Amino acid sequence: MDDSMETGSLPLYQDRPRTTFPDMRTKPTMPLMFRFLMRMNVRLLFVLLFLGFGAIFYVGASTSPIIVFVFSICIISFLLSIYLTNWVLAKDEGPPEMLQISDAIHDGAEGFFKTQYGSISKMAFLLALVIFGIYMFRPQQESSGLGRLTSASITVFSFLLGAVCSGMAGYVGMWVSVRANVRVSSAARRSAREALQIAVRAGGFSALVVVGMAVIGVAILYATFYVWLGVDSPGSMKVTDLPLLLVVYGFGASFVALFAQLGGGIYTKAADVGADLVGKVEQGIPEDDPRNPAVIADLVGDNVGDCAARGADLFESIAAEIISAMILGGTMAQRCKIEDKSFDPSGFILFPLVIHSFDLIISSVGMFSIRGTRDPGVIGIMEDPMTILQKGYSVTIVLAVVTFGLSTRWMLYTEQAPSAWLNFALCGLVGIMTAYIFVWITQYYTDYKHEPVRKLALSSSTGHGTNVIAGISLGLESTALPVLVISVSIVLAFWLGQTSGLVDDVGNPTGGLFGTAVATMGMLSTAAYVLTMDMFGPIADNAGGIVEMSQQPESVREITDVLDAAGNTTKATTKGFAIGSAALASFLLFSAYMDEVASFAHSSFTQVDIAIPEVFVGGLLGSMLIFLFSAWACAAVGRTAQEVVNEVRRQFIERPGIMDFKEKPDYGRCVAIVASASLREMIKPGALAIISPIFVGILFRILFVFQVVAAMLMFATVSGILMALFLNTAGGAWDNAKKYIETGALGGKGSESHKAAVTGDTVGDPFKDTAGPSLHVLIKMLATITLVMAPVFL
C-alpha cells in the first residue's frame with residue numbers, strides 16, 4: 001500500500017471498452033408513503049409535522065417527563081440524521097460510468113424491496129386477522145382488565161405498527177446504501193480516509209434512524225396506551241401491567257425482520273455464489289468484473305440482504321430487548337410493592353428507553369470522532385480502517401459507562417433499597433464489557449490479521465477439501481469463548497440483581513432477573529455505533545464493485561479492497577454482537593413467558609421439568625426446529641445459486657464475445673431469476689418458524705402439559721445461539737481467508753490456493769448471510785410468539 005492511496009495521485013490507466021448497464025426500473029419503486037410525502041407542499045408538510053410532534057409531546061407530557069425526554073432525544077437524532085444525509089449526498093458521484101452502475105444497483109434494489117415487502121405486507125395482514133380472531137375468542141380474556149374487542153384491537157394495532165416500523169427501518173438501511181456506494185467509490189480516487197468517512201457517516205445515518213425509530217415507536221405506543229386506557233386511575237390497569245400490551249409490537253417487528261432476512265439473504269448469497277463459481281473459478285475473471293452477467297444481482301444483493309435486512313433485524317433486536325426489560329421492570333416493581341410506597345415505579349419500566357436515548361447521543365459522538373483526511377500537506381500511508389473504527393468504538397464505550405451510571409442513579413434509585421442503583425449500574429457494566437469482549441472475539445476469529453484466519457488461508461494451499469474442513473472446525477471452535485462469556489454475564493448480572501436489596505413482601509430477593517435485563521441493556525447501549533459499523537460493510541463492498549466494474553485504476557481498487565475486508569469483519573462483529581444480545585434478550589423473554597403463564601394459570605411456574613417425557617419431546621422439537629430451519633435456508637440458497645450458475649454459463653457459451661468486451665451480458669435476466677427465486681424460497685422456512693410453536697402449544701394443550709412450549713423455547717434458544725455462532729463465524733472467516741490470499745499471500749489472485757479459498761467462501765456465504773443472521777431473529781420471534789399465544793396454550 002503506497003502513499004498515493006492517501007494523497008490521491010493515481011497512475012496512468014489505459015481505458016478499455018466500456019460496458020453499458022440496463023435500467024432495472026419498470027415502475028416507480030419508492031414506497032407509496034414516501035412518494036406521497038415527496039409530492040406534498042413543503043409548508044403543508046411542516047405544518048403537519050409540527051402538529052404531529054405537538055400531539056406526541058402532549059401525550060408524552062400526560063404520561064411522564066421521562067417520555068418527553070425520550071421524545072426530545074429521538075427527534076434531535078432524526079435532525080442529526082438529516083444533516084448526515086445532506087453531508088453524504090453533497091459528495092460527488094464520480095464519472096458517468098460509475099453513476100451508470102450505481103443507478104442499475106439502485107433500481108434493482110428498490111424494485112426487489114418493493115416486491116418483497118409487498119409480499120411480506122400481505123402475509124402480515126393475514127396474520128393480523130388470525131391474531132384478531134384468537135384474541136376475540138381466547139379463554140381468560142377478561143383477566144387483563146380489558147374487554148375482548150379492546151384487547152384484540154390493541155393487539156392487532158401493535159402488531160401492524162411493529163411490522164410497519166420494521167419495514168421502514170429496512171427501507172432506510174437500503175435507501176442510504178444505494179446512494180452512498182458510488183460516493184465512496186468516487187472518494188477512493190482521492191483519499192482512503194475520505195472514502196472511509198463517507199461510508200461511516202452513511203452507515204451512521206441509517207443507525208440513528210433505526211435505533212431512534214425503535215425507541216420512539218415503543219415510547220409512543222406506551223404513552224398512547226397510558227392515556228387512552230387511563231392507566232393508574234381507579235378501576236383501570238396498573239402501570240406495572242402496561243408493558244405486556246407491547247409484546248405484540250415486538251412480534252410484528254420480528255415477523256418482518258425474519259422474512260426480510262430470509263429473502264434478502266437468499267437473494268444476496270445466491271447471486272454471490274453463482275457469480276463466484278462461474279466468474280472467478282471457471283472463467284478466471286476478477287470479482288465484480290463487468291463481463292459477469294450475475295455481477296449486478298450480486299451488488300443489488302448487498303443492499304437488500306446486508307442493509308435492508310440488517311436494518312429490520314437490529315430494529316427488532318432493540319425493540320424486543322426494550323419490551324422484555326420493561327416487562328421485567330414492571331414485574332419486579334409489583335413484587336417489591338414499590339408502587340405502594342409513594343414511589344413511582346415507572347422509572348424501572350422506562351429505564352430501557354432512557355438507556356437507548358443516551359445510546360443515540362454517545363454513538364453520534366463516536367461517529368463524529370472519525371474525522372476526514374489529515375492535513376493534505378502531510379503524506380502518509382493508508383491507515384488500517386479497523387483501527388480507525390475501533391477508536392470510535394472505544395470513545396462510545398467510555399461514554400456508555402458514564403451515561404449508564406448516571407441513568408441508573410436517576411431512574412433506579414428507591415428508598416426501599418438505596419444502594420440498589422449501584423448494583424444495577426454494575427450489571428450494566430457487565431453488559432458493556434460483554435459487548436466489547438464479543439466484538440474482540442469475533443474480530444479474532446474473522447480478521448485476517450489474526451492467526452485463525454491465516455491458518456484457514458494456509459489450509460487452502462493443500463486443496464479445496466482441507467479449506468472446507470478447516471473452516472468448519474474454526475466455526476465449531478469459535479462457539480466456546482462466546483458461550484463462556486454469556487454464561488458468566490448471566491450469572492454475574494443475576495447475582496448483582498439478587499444482592500441489590502430489593503425484596504418482595506415476604507423478604508425474598510427479587511432483583512435477579514431485572515439485573516440480567518439491565519446487563520442486556522448495557523450490551524445494547526452502543527447499538528447505534530455497532531449498527532454504523534455493520535452498514536459500513538455492504539457500502540464498502542458495493543463501492544469496490546463499482547470501482548471494478550467501471551474499470552478504475554488498480555490503486556483505487558486496492559483502497560476499496562482494504563475497506564471491503566474491514567467491512568467483512570465489521571459485519572461479522574455485528575452478527576456476533578446481535579447473537580449475544582439475542583441470547584440475553586431471549587432469556588428475558590423466556591422469563592417473561594413464565595411470569596405470564598403463572599399469571600393466567602393462577603399458580604407458580606418457575607421450573608421446567610425435562611424428566612417429563614412430553615416436556616423432553618418439546619425440547620427435542622425446539623432443537624430440531626433450529627437445524628431444520630438452517631437446512632432449508634441454506635438449501636434455498638443452493639437451489640437459487642444453481643439457477644444463476646446455469647444462466648451465467650449459458651450466456652458465456654451463447655455469447656462468446658462477452659469475454660472480449662464485444663457483447664453485453666444480460667444482467668437483467670440474472671436479477672429476475674434471483675428476485676423471483678428468493679421470494680419463493682423464503683416462504684417455507686419462514687412458515688416453519690411461525691407455525692411450529694403454535695402447533696406444538698395447541699397439540700400439547702390437549703394433553704394438559706403446558707410446560708412443553710417452555711421446553712421447546714428453551715432448547716431452541718440454546719441450539720439457536722450455538723448454531724448462529726458457528727454459521728456466522730465460519731462464514732466470515734472463509735470470506736476473509738479469501739481476502740487475505742487476494743492481498744498477495746500464498747500465491748495471490750488466480751492461484752490454486754485462491755481457487756480453494758473461493759470454494760470455502762461460497763460454502764460460507766449462506767452460513768453467514770442467510771441462515772446465521774436469520775437464527776437470532778428466529779429465537780426472539782419464538783419467544784414473542786409464545787408470549788402472545790400463552791393464554792391459548794393453557
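**Figure 1. Ala-417 and its partners from farther along the chain.** In this predicted model, Ala-417 touches Ser-500, Gly-501 and Leu-502, leaving out residues up to four places away in sequence. You will find Ala-417 in the loop that runs between helix H11 (385-411) and helix H12 (420-446). Is this loop residue buried or exposed? Ala-417 has a relative accessibility of 5%, so it counts as buried. One of its partners, Leu-502, is 85 residues away from Ala-417 in sequence, yet the two C-alpha atoms are 5.9 Å apart in space.

**Figure 2. Phe-424 and the largest nonpolar core.** Here we turn to the largest nonpolar core, a set of 255 residues. Which of its members touch the most other members? They are Tyr-222 and Phe-424. Helix H7 (residues 192-228) supplies the largest share of this core, with 24 residues. Around Phe-424, once neighbours within four places in sequence are set aside, the contacts are Met-332, Phe-348, Phe-404, Thr-408, Leu-412, Gly-497, Ser-500, Leu-502, Gly-511, Phe-514, Gly-515 and Val-518. Two names on that list, Ser-500 and Leu-502, may be familiar from the first view, where they also touch Ala-417. As general background, nonpolar side chains in soluble globular proteins tend to be buried together.

**Figure 3. Ala-435 within helix H12.** Staying with helix H12, this view centres on Ala-435, which lies in that helix. The relative accessibility of Ala-435 is 1%, and it therefore counts as buried. Which residues does Ala-435 contact, beyond its neighbours within four places in sequence? They are Tyr-393, Met-523 and Phe-577. Look also for Thr-520: 85 residues separate Ala-435 from Thr-520 in sequence, while their C-alpha atoms are 9.3 Å apart.

**Figure 4. Helix H9 beside helix H10.** Helix H9 (residues 295-335) packs with helix H10 (residues 346-368) at an angle of about 150°, and their axes are 6 Å apart. Because of that angle, H9 is roughly antiparallel to H10. The residues of this contact divide into 10 nonpolar, three polar and one charged. On the H9 side, you can pick out Ile-318, Glu-321, Ile-322, Ala-325, Met-326, Gly-329, Gly-330 and Met-332. They meet Phe-348, Ile-349, Leu-350, Pro-352, Leu-353 and His-356 on the H10 side. Met-332 and Phe-348 are also among the contacts of Phe-424, the residue shown in the second view.

**Figure 5. Helix H9 beside helix H8.** The same H9 has another packing partner to explore, helix H8 (residues 247-282). The axes of H8 and H9 are 7 Å apart, and the packing angle is about 160°. H8 and H9 are therefore roughly antiparallel to each other. What is the handedness of their crossing? It is left-handed. By class, the contact of H8 with H9 has 16 nonpolar, eight polar and six charged residues.

**Figure 6. Helices H22 and H23, with a look at Lys-739.** Helix H22 (residues 707-742) and helix H23 (residues 752-789) have axes that come within 6 Å and cross at roughly 155°. The two helices are therefore roughly antiparallel, and H22 passes H23 in a left-handed crossing. Their contact is made up of 21 nonpolar, 11 polar and five charged residues. Lys-739 is found in H22. This lysine has a relative accessible area of 5%, so it is buried. Apart from neighbours within four places in sequence, Lys-739 is in contact with Glu-287, Tyr-448, Asp-564, Ala-565 and Asn-568.

**Figure 7. Ser-459 in helix H13, and a step back to the whole chain.** Ser-459 lies in helix H13 (residues 451-459). With 13% relative accessibility, Ser-459 counts as buried, because the cut-off is under 20%. Leaving aside neighbours within four places in sequence, Ser-459 contacts Thr-466, Asn-467 and Ala-470. Now step back to the full chain: how many helices and strands does it contain? The secondary structure comes to 23 helices and zero strands. Of the chain's 794 residues, 63% count as buried. Among contacts with a separation of 6 or more, 85% join residues 24 or more positions apart.

Conventions: Residues numbered from 1 in each chain as written. Predicted model: local features only at pLDDT ≥ 70, side-chain atom pairs only at ≥ 80, totals over all residues. Heavy atoms only, no water. Axes fitted to C-alpha atoms, helices over the stretch in contact; angles between N-to-C directions. Helix = DSSP H or I, 4+ residues; strand = E, 2+ residues; numbered from the N terminus. Parallel < 35°, antiparallel > 145°, perpendicular 65-115°, else oblique. Left-handed = near helix turned anticlockwise from the far one by under 90°. Nonpolar A, V, L, I, M, F, W, Y, C, P; charged D, E, K, R; others polar. Core = buried A, V, L, I, M, F, W, Y, C linked by side-chain atoms within 4.5 Å. Buried < 20%, exposed > 50% of the residue type's maximum accessible area, 1.4 Å probe, protein only. Contact = heavy atoms within 4.5 Å.
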